[in-house]
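Welcome! Please take a moment to look over the sequence and the 3D view, and then we can walk through them together.

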Protein chains: 2
Amino acid sequence: MENLCPRFEKAMGLLSTRWVGLILFDLLEGTKRFSEMEADLPISGRLLSDRLKMLEKEGIVERNIYSEFPVRIEYSLSEKGKALEPVIKEIQNWATDHVTHEEVEKSHES
Amino acid sequence: MENLCPRFEKAMGLLSTRWVGLILFDLLEGTKRFSEMEADLPISGRLLSDRLKMLEKEGIVERNIYSEFPVRIEYSLSEKGKALEPVIKEIQNWATDHVTHEEVEKSHES
DNA sequence: CATGCTAATTACAAAAAGTAACTTAATATT
DNA sequence: AATATTAAGTTACTTTTTGTAATTAGCATG
């Protein structure tokens with residue numbers, strides 16, 4: 001190989017950042033609040049906050065503040081973020097076809 | 001969300017392990033030797049070794065030893081590994097459409 | 001003015017990654 | 001026989017990233 005495509009490398013770097021895939025999966029369902037995502041995903045507030053900030057900076061996630069009581073902050077996918085749906089779908093397909101029940105069990109042991 | 005699909009979570013855990021995406025991309029080109037992959041990818045021998053061992057255990061990569069001089073060890077994708085091609089292709093598509101030149105530059109600065 | 005609520009942030013310990021030098025095993029050279 | 005060469009790792013050690021829990025900010029309610 002001459003060398004990797006820099007755009008692919010960049011995309012791969014983003015997607016292989018821990019928790020990013022699950023966050024995208026969650027947001028593909030629709031707009032979510034911080035606490036909702038925290039409840040959905042096995043990720044701590046500290047990292048969820050970091051990842052959302054990073055995804056916002058990358059233009060993948062949009063953040064909207066509603067000054068109600070208590071404050072409501074909603075996260076959703078931008079067009080760029082929604083364009084990742086086929087990636088997530090293919091991962092789901094692969095998981096359905098190739099990840100066995102035993103493998104899932106094993107990874108829970110550790 | 002009730003809770004995430006465990007198979008998807010497992011698949012996502014695998015694919016979001018650092019360097020795994022690039023390793024798969026490299027091996028989709030065909031069989032490779034350790035030193036070849038080390039040259040292709042921006043990853044050290046220590047982690048390449050770890051990741052290949054892990055991917056072999058997951059049944060995604062196959063390892064073949066040829067007792068020549070010097071010893072030749074070849075890595076290739078199993079059927080399960082090759083089945084990840086659509087995932088990689090979709091990431092490429094997204095990268096082509098949505099990762100800008102500027103973003104690539106920025107990530108090289110840091 | 002203490003309490004509760006959401007959305008974070010901070011502090012600190014634990015795990016993973018990065019780097020470079022070293023090892024192993026086989027064969028080849030002197 | 002001793003030494004060198006080569007590929008494929010492994011070890012030792014430092015730096016980053018994560019995980020966990022406690023704390024903060026802003027605001028409304030009792």
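A residue is called buried if 20 or more other C-beta atoms lie within 10 Å of its own, exposed if 12 or fewer, and partly exposed in between, with C-beta atoms placed from the backbone. By that count Glu58(A), with 19 C-beta neighbours inside 10 Å, is partly exposed. Glu58(A) sits in the loop between α4 and β2 (61–66) of chain A. Its C-alpha lies 36 Å from that of Glu102(A), and the two are 44 residues apart in sequence.

A few notes on reading the model will help. This is a predicted model, in which local features need pLDDT of at least 70 and side-chain atom pairs count only at pLDDT 80 or more, while totals for chains, interfaces and linings use all residues. Residues are numbered from 1 along each chain as its sequence is written, and chains are lettered from A and ligands numbered from 1 in the order in which they are written. Helices (H or I, at least four residues) and strands (E, at least two) are DSSP runs, numbered from the N terminus.

Let us turn to the DNA. A residue is near a strand of DNA if its C-beta atom, placed from the backbone, lies within 6 Å of it. For the classes in the table, Ala, Val, Leu, Ile, Met, Phe, Trp, Tyr, Cys and Pro count as nonpolar, Asp, Glu, Lys and Arg as charged, and the others, Gly among them, as polar.

| Surface | Nonpolar | Polar | Charged |
|---|---|---|---|
| near DNA strand C | eight residues | six residues | five residues |
| near DNA strand D | seven residues | six residues | five residues |

Around DNA strand C there are 19 residues, the closest being Arg33(A), Ser35(A), Pro70(A), Ser44(B) and Phe69(B). Two or more residues of this surface come from each of α3 (34–40), α4 (45–57) and β3 (72–77) of chain A, and from α4 (45–57) of chain B. DNA strand D is surrounded by 18 residues, and the closest are Ser44(A), Phe69(A), Phe34(B), Ser35(B) and Pro70(B). Here at least two residues each are supplied by α4 of chain A and by α3 (34–40), α4 and β3 (72–77) of chain B.

What does α4(B) look like on its own? This helix has 13 residues and reaches 18 Å from its first C-alpha to its last, close to the 18 Å expected at 1.5 Å a residue (1.5 Å times one less than its number of residues). Arg51(B), Leu52(B) and Leu55(B) are its buried residues. They share one side of α4(B), because they cover an arc of only 100° around the axis, taken from the directions from the axis to the C-beta atoms. The face turned away from that buried side carries the exposed Arg46(B), Lys53(B) and Lys57(B). Just after α4(B), Gly59(B) takes a positive phi of about 75°.

The two protein chains also meet. With contact set at C-beta atoms, placed from the backbone, within 7 Å, 38 residues from chain A and 38 residues from chain B take part. On the side of chain A, α6(A) gives the largest share, 10 residues. That side divides into 19 nonpolar, eight polar and 11 charged residues.

Finally, chain A has an open sheet of three strands in the order β1-β3-β2, with antiparallel pairing (two strands pair if DSSP finds at least two bridges between them). β1(A) and β3(A) pair over two bridges, and Arg33(A) stands opposite Glu74(A) in β3(A).

Technical notes. Contact = placed C-beta atoms within 7 Å.
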